[in-house]
Amino acid sequence: MTMNRRELLAQGGKLLVLTSAAAAGLESMRVGATPRPDAPKEAQHWWGMIIDIEKCIGCGNCVRACANENDVPDGYFRTWVERYHVEGWDAEHPQVDSPNGAKEGFPPHPERTGKNFFVPKLCNHCTDSPCVQVCPVGATFDSPDGVVLVDKSYCLGCRYCVQACPYGCRYIHPQTNTVDKCSLCYHRISKGLTTACCEACPTGARQLADLKDPKDPVHEYLRTHSVQVLKPHMATGSKTFYNGLDGAVR
Amino acid sequence: MHPLVEGFMYPNEVELQWSILIVLYPFITGLVAGAFILASLERVFKVEAVKPTYRLALLTALAFLIVAPLPLQLHLGHPERSFEMYLTPHRSSAMAMFGFVYLWYLMVVLLLEIWLDYRADIVRLAQTKQGPVGWLYKLMTLGSFNVSEGSRALDDRVGWIVTIIGIPSAFLLHGYVGFIFGSVKANPWWSTPLMPIVFLFSAMVSGIAAVLLLYMAIMKLKQRPIDMRCLDTIAKYLFYAFVIDFSLEMLDLIHRIYEADESFRALDFMVHTRLFVSQVVVQIYLGTLVPLVLLAATQVLRMRENVRRAIYAGAGLLTLIGIFTMRWNVVIGGQLFSKSFLGYTTYKVEFATREGLLPALVLMVLPFVILWVLLKLLPAWPEEEAA
Amino acid sequence: MRDAGHLVRLVAVLVVGLALFFVVRGMVVPAGFGKYGHYRPGALDDNRARLVAYAGQSDCEACHDEVVAARKGSRHQKISCEACHGPLARHADKPSEFKPQLPVVTPLCQRCHEADAAKPKSFPQVVTKEHSGGEACNTCHKPHSPKV
């Protein structure tokens with residue numbers, strides 16, 4: 001097929017326009033919070049959390065404190081603790097329990113073989129959160145300081161975000177019929193307080209972290225400990241860093 | 001532990017999020033897409049044999065498309081806020097974009113094609129009918145009573161273009177629903193690039209089967225002869241679509257079994273226990289293999305007319321049950337296992353609640369009621385009506 | 001083209017419909033939507049508007065220096081007061097109006113100190129039946145300074 005120069009330019013121009021349009025379209029579908037140039041003063045912070053598995057004693061203080069602070073309805077959990085029991089080298093079949101989310105702690109097993117530990121869980125406040133990506137109307141979003149929040153007056157209750165969260169941290173509030181989840185105690189951290197769960201934790205297993213504050217101990221901590229996030233293969237950009245996270249943890 | 005839970009589930013996962021209504025929704029939009037593809041067979045691909053079902057297929061698609069948003073509205077925590085999807089659609093959300101795909105399909109494809117095809121009849125009825133029905137027809141003419149040769153030729157030409165656009169639009173309409181599930185990386189039962197294609201082909205199968213059954217039923221009710229050449233052709237296309245659909249589902253299954261990734265053991269266990277009856281017995285055997293064999297038999301063996309009709313009716317019914325069950329297995333199945341892969345929960349369908357069996361049944365009957373009204377307003381076989 | 005009259009009317013209906021949609025949209029979309037991202041900026045304030053239930057340790061220490069003194073050097077020194085005493089922001093705000101209730105001692109101690117294989121080995125834990133034979137923990141241990 002021969003083309004003269006004019007035809008070539010015309011075809012090339014069409015291709016360029018179509019490719020750019022397609023690229024722009026795909027880009028807007030992609031996930032990831034790009035900070036806006038006129039972002040408010042909140043953007044001075046970039047919140048995350050450190051959880052130290054080696055310190056957690058499964059007392060459930062965090063679950064109770066969160067429920068008290070945020071009026072979490074019974075049977076639903078903004079945070080919870082899981083107890084793992086791993087026999088031998090079989091990391092694929094741990095036995096896990098979380099009785100009522102560990103709100104009253106755990107029924108004790110003083111003697112047990114194998115490897116046993118507690119894993120507190122909460123919303124990971126991901127930078128590339130799949131839940132924000134799928135919300136059809138913008139009722140869940142990334143705040144300028146990195147907290148994934150819910151706009152209760154805008155949420156339709158479609159539950160797409162609940163399906164999209166790989167960590168199971170969302171639920172539908174039975175009274176408001178909208179989605180609800182850990183807000184990293186946004187009302188507290190915006191006032192300079194720490195989260196309720198960190199406040200109530202007796203061993204310091206949970207620590208709020210401001211990744212943008214050069215004086216925050218999180219930077220030294222991340223440098224000196226082997227940390228992991230949950231389900232790293234999902235590439236959610238989780239900002240909840242676990243020290244001592246075992247391979248058996250789901 | 002919760003009595004309905006086996007093993008470990010994240011505490012917030014025990015309750016299912018998407019109910020039988022969300023099973024109904026892809027089933028209904030699938031019927032829409034499939035019926036439309038059947039209609040386009042005649043209009044675009046010149047399969048003249050299926051012309052007797054052309055208008056019926058379009059009206060069937062419309063009846064189901066009108067009902068399609070209703071299960072969603074009943075399911076939403078705040079249905080009064082659903083218009084937000086049109087006001088502030090989140091461009092990265094497949095669900096938001098689907099609102100526009102639906103609107104596009106309803107207005108620019110289906111309603112337009114129906115209007116263009118029926119316009120001459122609408123004008124005639126506007127001029128002859130009295131009372132409120134007459135006013136309805138007058139409204140539908142948009143004030144233009146021009147049915148000259150020129151205008152009818154233009155309608156035909158534009159209608160042809162609309163159908164051409166309509167085919168990828170129908171693919172988009174239902175492929176999108178597949179994408180809504182297939183793009184959820186958190187759920188390995190859903191997350192596969194094959195999902196939109198599997199949904200699409202099963203949609204075509206269900207839509208064609210629905211029109212086939214409706215044609216037989218309506219002709220029987222009107223005591224009119226069934227055009228066997230038409231019926232045989234529809235059954236042939238049903239068979240082809242089914243072969244492709246079955247191949248795709250088998251491909252997905254074989255791929256999963258072979259790769260056996262992290263989620264496989266949990267999913268395999270679920271299919272063998274909680275999902276055994278609906279997946280293996282109903283969807284695969286009764287809903288796919290049996291109709292496939294029946295339809296293959298009619299393609300290969302010579303059979304008398306009444307035997308073929310009986311087989312088409314049986315195969316068609318089993319197909320619809322099978323495709324509904326496939327939607328059930330995808331939507332409900334995807335929520336029965338824990339994302340920790342360590343446990344399972346149970347789905348208890350209630351009866352007379354907002355998301356229970358009763359509203360689901362009502363919503364399944366409603367399209368047929370609407371179709372009956374549409375057929376009264378816009379007769380699908382005018383030559384026979386006039387006689 | 002006279003023959004296209006009906007199509008022109010159809011396009012007119014669509015255009016009017018679209019215009020109506022944009023007018024309604026302009027009136028109904030929440031103010032400032034999209035300013036910081038695809039959400040209503042007021043939602044940030046809504047999320048900040050909740051009342052605080054836990055006052056935080058520094059608030060307690062401001063008044064209760066006798067407890068601060070009692071805990072000095074004890075193993076429980078770093079634990080937040082409200083970890084055991086529950087949310088007390090209302091009490092910190094109006095101390096005489098909201099009097100906190102003393103927690104029930106033994107189950108409270110057991111939640112942390114009952115022996116469990118999943119607790120870190122270095123953490124002090126006992127099987128209370130063997131350790132105290134059913135007696136309340138504060139028979140021997142003072143909660144603010146537990147070393148016996």
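How many Å separate the centres of domain 1 and domain 2 of chain C, taken over C-alpha atoms? Keep that question open while you get your bearings. The model you have on screen is predicted.

**Stop 1: the domains of chain C**

Select chain C. Colour residues 52-101 as domain 1 and residues 104-141 as domain 2, following the domain assignment. Now place a centre in each domain, using C-alpha atoms. The separation is 23 Å.

**Stop 2: chain A as a whole**

Show chain A alone. Its C-alpha trace spans about 85 × 45 × 40 Å along the principal axes. The chain holds 7 helices and 11 strands. Of its 250 residues, 50% are buried. Next, consider contacts between residues at least 6 apart in sequence. In chain A, 66% of these join residues at least 24 apart.

**Stop 3: a three-stranded sheet**

Stay in chain A and select β2, β3 and β4. They form an open sheet in the order β3-β2-β4, with antiparallel pairing. Which strands stand at the edges? Look at β3 (95-97) and β4 (115-122): each has a single partner strand, so one side of each lacks a neighbour in the sheet. Turn the view to follow the twist, which averages 25 degrees from one strand to the next.

Zoom in on β2, residues 79-86 of chain A. This strand runs antiparallel to β4(A), and 8 bridges join the two. Pick A:Trp80 and look across to β4(A), where A:Lys121 is the bridge partner. Then pick A:Glu82. Opposite this residue in β4(A) stands A:Val119.

Is β4(A) mostly covered or mostly open? Mostly covered: 6 of its 8 residues are buried. Now add helix α2 of chain A, residues 61-70. This helix lies across β2 and β4 of chain A, and runs at about 160 degrees to β2(A).

**Stop 4: a four-stranded sheet**

Still in chain A, select β9, β1, β11 and β10. In that order the 4 strands make an open sheet, and the pairing is mixed. At the edges are β9 (206-210) and β10 (227-228), each pairing on one side only.

Zoom in on β1, residues 47-52 of chain A. It is joined to β9(A) by 5 bridges, and the two strands run antiparallel. For one pair to label, take A:Met49. Its bridge partner in β9(A) is A:Leu208.

**Stop 5: where chain C meets chain A**

Bring chain C back beside chain A. How many residues of each are in contact? On the chain C side there are 32, and on the chain A side 45. Highlight three helices of chain C: α2 (42-48), α5 (81-85) and α7 (105-113). Each supplies at least two residues of the side that touches chain A. The largest share, 5 residues, comes from α2(C). Colour this side of chain C by class: 18 residues are nonpolar, 5 polar and 9 charged.

**Stop 6: where chain C meets chain B**

Hide chain A and show chain B. Here the contact takes 14 residues from chain C and 13 residues from chain B. Colour the chain C side by class again. Facing chain B are 7 nonpolar, 3 polar and 4 charged residues.

**Stop 7: the largest nonpolar core**

Show all the chains once more. In soluble globular proteins, nonpolar side chains tend to be buried together. The largest nonpolar core in this model has 194 residues. Select B:Val32, B:Ile208, B:Val211, B:Ile234 and B:Leu238, which have the most contacts inside this core. Helix α1 of chain B, residues 20-43, gives the core its largest share, 17 residues. Chain C also takes part: domain 1 (52-101) and domain 2 (104-141) each provide at least three residues.

**Stop 8: two residues of chain B**

Centre on B:Val32. Leaving out residues up to four places away in sequence, B:Val32 touches B:Ala61, B:Phe64, B:Leu65, B:Ala68, B:Leu173 and B:Gly207.

Move on to B:Ala61, which lies in helix α2 of chain B, residues 54-67. Buried or exposed? B:Ala61 is buried, because 34 other C-beta atoms lie within 10 Å, and 20 are enough to count as buried. With the same sequence neighbours left out, B:Ala61 touches B:Val32, B:Ala35, B:Phe36 and B:Leu110.

Finish with a distance. Draw a line between the C-alpha atoms of B:Ala61 and B:Ile332. The two residues are 271 residues apart along the chain, and the line spans 25 Å.

Definitions and conventions:
Residues are numbered from 1 along each chain as its sequence is written. Chains are lettered from A and ligands numbered from 1 in the order in which they are written. This is a predicted model: local features need pLDDT of at least 70, side-chain atom pairs count only at pLDDT 80 or more; totals for chains, interfaces and linings use all residues. Two strands pair if DSSP finds at least two bridges between them. Axes are lines fitted to C-alpha atoms, for helices over the stretch in contact, and angles run from 0 to 180 degrees between N-to-C directions. Two residues are in contact if their C-beta atoms, placed from the backbone, lie within 7 Å. A nonpolar core is a set of buried Ala, Val, Leu, Ile, Met, Phe, Trp, Tyr and Cys residues joined through C-beta atoms within 7 Å. A residue is buried if 20 or more other C-beta atoms lie within 10 Å of its own, exposed if 12 or fewer, and partly exposed in between; C-beta atoms are placed from the backbone. Domain bounds come from an automatic or database domain assignment. Ala, Val, Leu, Ile, Met, Phe, Trp, Tyr, Cys and Pro count as nonpolar, Asp, Glu, Lys and Arg as charged, and the others, Gly among them, as polar.
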